[in-house]
Amino acid sequence: MNDPRRPLVPPAREPVPPFLNFAPLQNGANRLKSATSRFEAAYTAATKDGGLALDPARAAELNLLLLQAERALAPESGLPHRPWYRQLLSAPGWYTGYAPKTMPGVREAIEGKRWSEAEDQAAALGKALEEEAGVLDKAAEMLESLKS
């Protein structure tokens, strides 16, 4: 199996990566999970008896809130090394062409062994998830107020 013209050699041993703090990312994900549950419950309650009864002004206000939810995940600064991609959850990979990568800022920093950048990106994504959760909480409040 081993071609003497191209012998196989084991890869070079690399140092063990340092401990990375993903707490901000985990906190943001947990916060978003509870906010989405609340929004889903509020939406289900608001639409269960014949649909959602929103006047046009309130519907426009809710739509603006939900539009902000997507924008919370796309900060102005964009991704490291390519600020033209602003989506923090999924973007084309640095080396993959158009194939998407999830959490590209965090993932590519880890792949490149840029440990402090990985922690910074985890904190940035955690903050974006917290903002997303705040927007969904506001939308849930709006839907919950329809029943009162």
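These questions and answers concern a predicted model.

Visitor: Why is Glu108 called buried?
Guide: Glu108 has 11% relative accessibility. Buried means under 20%. Therefore Glu108 counts as buried.

Visitor: Where is Glu108, and what is it in contact with beyond its neighbours within four places in sequence?
Guide: Glu108 sits in helix 3, residues 104-111. Leaving those neighbours aside, Glu108 is in contact with Arg82, Pro92, Gly93, Trp94, Lys101 and Arg114.

Visitor: What makes the pair of Glu108 and Trp94 a polar contact?
Guide: A polar atom of the Glu108 side chain lies 2.8 Å from the backbone nitrogen of Trp94. The cut-off for such a pair is within 3.5 Å. The Glu108 and Trp94 pair therefore meets that cut-off.

Visitor: Why is Arg86 called partly exposed?
Guide: Arg86 has 33% relative accessibility. Buried is under 20% and exposed is over 50%. The value for Arg86 falls in between, so Arg86 counts as partly exposed.

Visitor: Where is Arg86, and which residues does it contact outside its neighbours within four places in sequence?
Guide: Arg86 is in the loop between helix 2 and strand 1 (90-92). With those neighbours left aside, its contacts are Leu73, Ala74, Pro75, Glu76 and Gly78. Arg86 and Leu73 are 13 residues apart in sequence, yet 7.8 Å apart in space, C-alpha to C-alpha. The side chain of Arg86 also reaches the backbone oxygen of Pro75 at 3.4 Å. That distance is within the 3.5 Å cut-off for a polar contact.

Visitor: What is notable about the phi of Met103, and how do you know that Met103 is partly exposed?
Guide: The phi of Met103 is positive, about 45 degrees, although Met103 is not a glycine. Met103 lies in the loop between strand 2 (100-102) and helix 3. Its relative accessibility is 33%. That is neither under 20% nor over 50%, so Met103 counts as partly exposed.

Visitor: Why is Lys113 called partly exposed?
Guide: Lys113 has a relative accessible area of 43%. Exposed needs over 50%, and buried needs under 20%. Lys113 is therefore partly exposed. Lys113 is in the loop between helix 3 and helix 4. Its phi is positive too, about 60 degrees, and Lys113 is not a glycine.

Visitor: Which residues touch the most other members of the largest nonpolar core?
Guide: Phe39, Leu129 and Leu143 do, out of 25 residues. Helix 1 (23-47), helix 2 (56-72) and helix 4 (115-147) each supply at least two residues of this core. Helix 4 gives the largest share, eleven residues. In soluble globular proteins, nonpolar side chains tend to be buried together.

Technical notes:
Residues are numbered from 1 along each chain as its sequence is written. This is a predicted model: local features need pLDDT of at least 70, side-chain atom pairs count only at pLDDT 80 or more; totals for chains, interfaces and linings use all residues. Side-chain values use heavy atoms; hydrogens and water are left out. A nonpolar core is a set of buried Ala, Val, Leu, Ile, Met, Phe, Trp, Tyr and Cys residues joined through side-chain atoms within 4.5 Å. Buried means under 20% relative accessible area, exposed over 50%, partly exposed in between (1.4 Å probe, protein chains only). A polar contact is a pair of N or O atoms within 3.5 Å; within protein, one must be able to donate a hydrogen and the other to accept it, and residues adjacent in sequence count only if both atoms are side-chain atoms. Contact means heavy atoms within 4.5 Å.
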